[in-house]
Amino acid sequence: MQSMLELAGYATVAAALLYAFFGSARAYGEWRQSVRQGLEEQEFFRKRSKTILQAAIGHREREHHTWNGDRKFTVDKKFHESANKDICSFYLKPHDGKPIPPFEPGQFLTFRLRIKDQQKDVIRCYSLSDSPLHREYYRVSIKRVPPPRDRDDVPPGLSSNYFHDHLNEGDILDVAAPNGKFYLKQDSMRPVVLIGGGIGLTPTLSMFNTLALAESKREVWFFYGVINSQDAAMTDHLRAIEKEHDNLHVVICYSNATEECRKGYDYDYEEHVSVDLFKRLLESNNYEFYICGPPPMMSAITSQLEDWGVPESDVHFEAFGPATVKKAPAASEEKAQAVGAKVTLASSGKTLEWTDDADSILQLASDNGVDIPFGCGAGNCGTCVTAIKSGKVSYLSEPASTPEEGTCLVCISAPDGDLVLDA
Ligand SMILES: Cc1cc2nc3c(=O)[nH]c(=O)nc-3n(C[C@H](O)[C@H](O)[C@H](O)COP(=O)(O)OP(=O)(O)OC[C@H]3O[C@@H](n4cnc5c(N)ncnc54)[C@H](O)[C@@H]3O)c2cc1C
Ligand code: FES
């Protein structure tokens with residue numbers, strides 16, 4: 001009994017002291033709130049400084065740990081990401097056990113595959129689909145490519161089906177270092193819109209994961225356009241990130257929702273991702289836009305953004321196939337004008353004549369037994385860059401980024417007069 005009285009006495013004294021100090025219970029509440037906020041901010045700055053420090057170390061380490069040519073990687077984990085099992089992630093670890101360089105979110109890896117019954121190595125690019133802040137592995141997520149509709153006579157996609165059907169945990173792959181000009185500007189503080197259509201999800205997901213892990217305070221919108229829940233990949237992951245961060249928003253659009261698809265969880269809108277939707281959800285057009293998706297989606301969104309007054313410098317995009325957004329004018333004219341030009345491949349000792357049916361210098365060389373390494377075949381990846389010894393080329397479609405002076409991307413170029421290449 002006595003101790004209860006003592007406790008009550010202490011409580012009264014404590015309350016009196018608090019009152020004397022803070023003036024009122026409300027002021028005390030406000031003080032507690034500001035202490036809590038201070039602690040939260042401290043935690044935020046602790047995490048942020050850790051990430052900035054990691055990025056700075058990463059930058060230095062990129063130069064230190066990068067490699068030339070191919071490096072062996074082991075498939076550490078293989079994981080199906082979509083209900084229809086058409087998208088599979090491969091977690092890769094370096095076979096030599098040494099550190100791997102960080103990459104820019106949005107970049108890709110180039111693989112050299114030795115596939116049975118194929119005379120030549122098959123070279124393909126796949127975007128890194130997770131954040132570079134995970135320093136112990138690289139991840140790519142690959143969609144199985146079937147034959148084109150109504151073409152039962154042609155084989156399904158070589159590399160994608162090889163990954164799905166023949167590569168298992170423990171297998172070893174030859175991989176070129178991360179590359180690519182389509183990546184998130186991490187030093188910008190501006191709000192950002194990421195758009196992934198179908199398997200074009202992968203580079204924008206890497207950007208999204210990075211912004212989330214880095215506890216970025218930027219306003220971020222992730223628009224994912226896909227057919228329905230059978231095709232959709234990693235939506236649980238996207239929703240979980242959205243739940244944890246007030247500034248990261250996820251909008252999932254299905255083009256063909258079925259009865260099993262749950263509106264409000266599986267997807268938000270049954271429509272294509274479009275600028276019309278942005279106008280309904282975003283406060284303005286003042287965002288940095290990053291887009292990767294199928295050609296019709298890319299063309300539609302980039303031209304709608306232009307009409308909406310978004311400066312070209314704020315729109316970044318990458319195509320997985322032949323470039324469809326920026327077309328160089330009069331490509332067929334350029335090809336026709338080149339007929340009869342001599343293309344000398346100096347290292348191979350061959351001189352070839354450009355003909356009416358040649359599609360690119362790469363194809364002309366390949367048809368004549370000269371293999372120039374290539375990845376995308378579409379002016380995106382830079383794998384086919386070749387030094388020009390003399391002469392000029394004209395581009396049949398606009399390269400994603402201009403190659404260095406004195407070199408050209410042979411996969412999308414034709415000779416502009418007689419040409420000598422170091423190939
Ligand atoms: C920078 C970049 C990043 C990329 N990132 C990703 C990614 O993250 N995930 C991903 O899944 N993909 C990605 N890709 C696409 C990937 O590189 C491949 O292009 C894709 O996997 C298809 O390659 P494949 O070897 O499977 O198909 P291919 O063998 O190249 O075949 C392509 C299509 O042609 C058809 N075909 C075959 N022979 C003929 C014929 N004789 N006549 C007509 N048609 C024929 C095939 O059936 C198939 O439909 C990326 C591409 C680039 C350039
Ligand atoms: S092969 Fe990719 S740019 Fe030419």
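**Exercise 1. Find the residue just after α7 that takes a positive phi, then work out how α7 itself sits in this predicted model.**

Step 1. Start at the end of the helix: just after α7 comes Gly309, with a positive phi of about 90°.

Step 2. Check the helix geometry. α7 covers residues 295–307, so 13 residues, and its first and last C-alpha atoms are 18 Å apart, close to the 18 Å expected at 1.5 Å a residue.

Step 3. Pick out the buried positions, using under 20% relative accessible area as the cut-off. In α7 these are Met297, Met298, Ile301, Thr302 and Leu305.

Step 4. Look down the axis. The buried residues of α7 fall within an arc of 115°, so they line one face of the helix. The general background is helical periodicity: with 3.6 residues a turn, residues three or four places apart point the same way.

Step 5. Turn to the other side of α7, where Pro296, Glu306 and Asp307 are exposed.

Step 6. Ask what covers the buried residues of α7. The cover includes β7 (192–197), α6 (275–281), β10 (288–292) and β11 (315–318).

**Exercise 2. Work out how far α4 is enclosed, and look at what follows the helix.**

Step 1. Do the length check again. Helix α4 runs over residues 201–213, and at 1.5 Å a residue its 13 residues should span 18 Å. Its end C-alpha atoms are 18 Å apart, which agrees.

Step 2. Count the burial: 12 of the 13 residues of α4 are buried, so the helix is largely enclosed by the rest of the structure.

Step 3. Put names to them. Leu201, Leu205, Met207, Phe208 and Leu211 are among the buried residues of α4, and so are Thr202, Thr204, Ser206, Asn209 and Thr210.

Step 4. Step off the end. Just after α4, Glu215 takes a positive phi of about 55°. Glu215 sits in the loop between α4 and β8 (220–226), and this is a positive value in a residue other than glycine.

**Exercise 3. Trace the strand pairings of β2, and say which way its partners run.**

Step 1. Take β1 (residues 70–80). Seven bridges join β1 to β2, and the two strands run antiparallel. Within this pairing, Val75 stands opposite Leu92 in β2.

Step 2. Look at the connection. β1 and β2 make a hairpin with six residues between them, and in the turn Lys85 has a positive phi of about 60°.

Step 3. Move on to β5 (residues 138–143). Six bridges join β2 to β5, again antiparallel. Tyr91 stands opposite Arg139 in β5, while Ser89 has Ser141 in β5 as its bridge partner.

Step 4. Add the burial. Seven of the eight residues of β2 (residues 87–94) are buried, and five of the six residues of β5 are buried. Both strands are mostly covered.

Step 5. Follow the chain past β5. Asp150 lies in the loop between β5 and α3 (158–166), and its phi is near 60°, a positive value in a residue other than glycine. With a relative accessible area of 75%, Asp150 is exposed.

**Exercise 4. Describe the surroundings of Ser360, then decide whether Gly369 is buried or exposed.**

Step 1. Place Ser360: it lies in the loop between β13 (350–353) and α9 (361–367).

Step 2. Apply the cut-off. At 6% relative accessibility, Ser360 counts as buried.

Step 3. List the contacts. Leaving out residues up to four places away in sequence, Ser360 touches Trp354, Leu396, Val410, Cys411, Ile412 and Ser413.

Step 4. Check the polar side. A polar atom of the Ser360 side chain lies 3.0 Å from the backbone nitrogen of Gln363.

Step 5. Now go past α9. Gly369 is in the loop between α9 and β14 (385–390), and at 59% relative accessibility Gly369 counts as exposed. The C-alpha atoms of Gly369 and Lys350 are 9.7 Å apart, with these positions 19 residues apart along the chain.

**Exercise 5. How many disulfides does the structure hold, and are Cys253 and Cys384 buried or exposed?**

Step 1. Count the disulfides: the structure holds zero.

Step 2. Check Cys253, which counts as buried at 1% relative accessibility.

Step 3. Do the same for Cys384, which counts as buried at 3% relative accessibility.

Definitions and conventions. Residues are numbered from 1 along each chain as its sequence is written. Chains are lettered from A and ligands numbered from 1 in the order in which they are written. This is a predicted model: local features need pLDDT of at least 70, side-chain atom pairs count only at pLDDT 80 or more; totals for chains, interfaces and linings use all residues. Side-chain values use heavy atoms; hydrogens and water are left out. Helices (H or I, at least four residues) and strands (E, at least two) are DSSP runs, numbered from the N terminus. The expected span of a helix is 1.5 Å times one less than its number of residues. Buried means under 20% relative accessible area, exposed over 50%, partly exposed in between (1.4 Å probe, protein chains only). The arc is that of the directions from the helix axis to the C-beta atoms. Contact means heavy atoms within 4.5 Å. A disulfide is a pair of cysteine sulfur atoms within 2.5 Å. Two strands pair if DSSP finds at least two bridges between them. A polar contact is a pair of N or O atoms within 3.5 Å; within protein, one must be able to donate a hydrogen and the other to accept it, and residues adjacent in sequence count only if both atoms are side-chain atoms.
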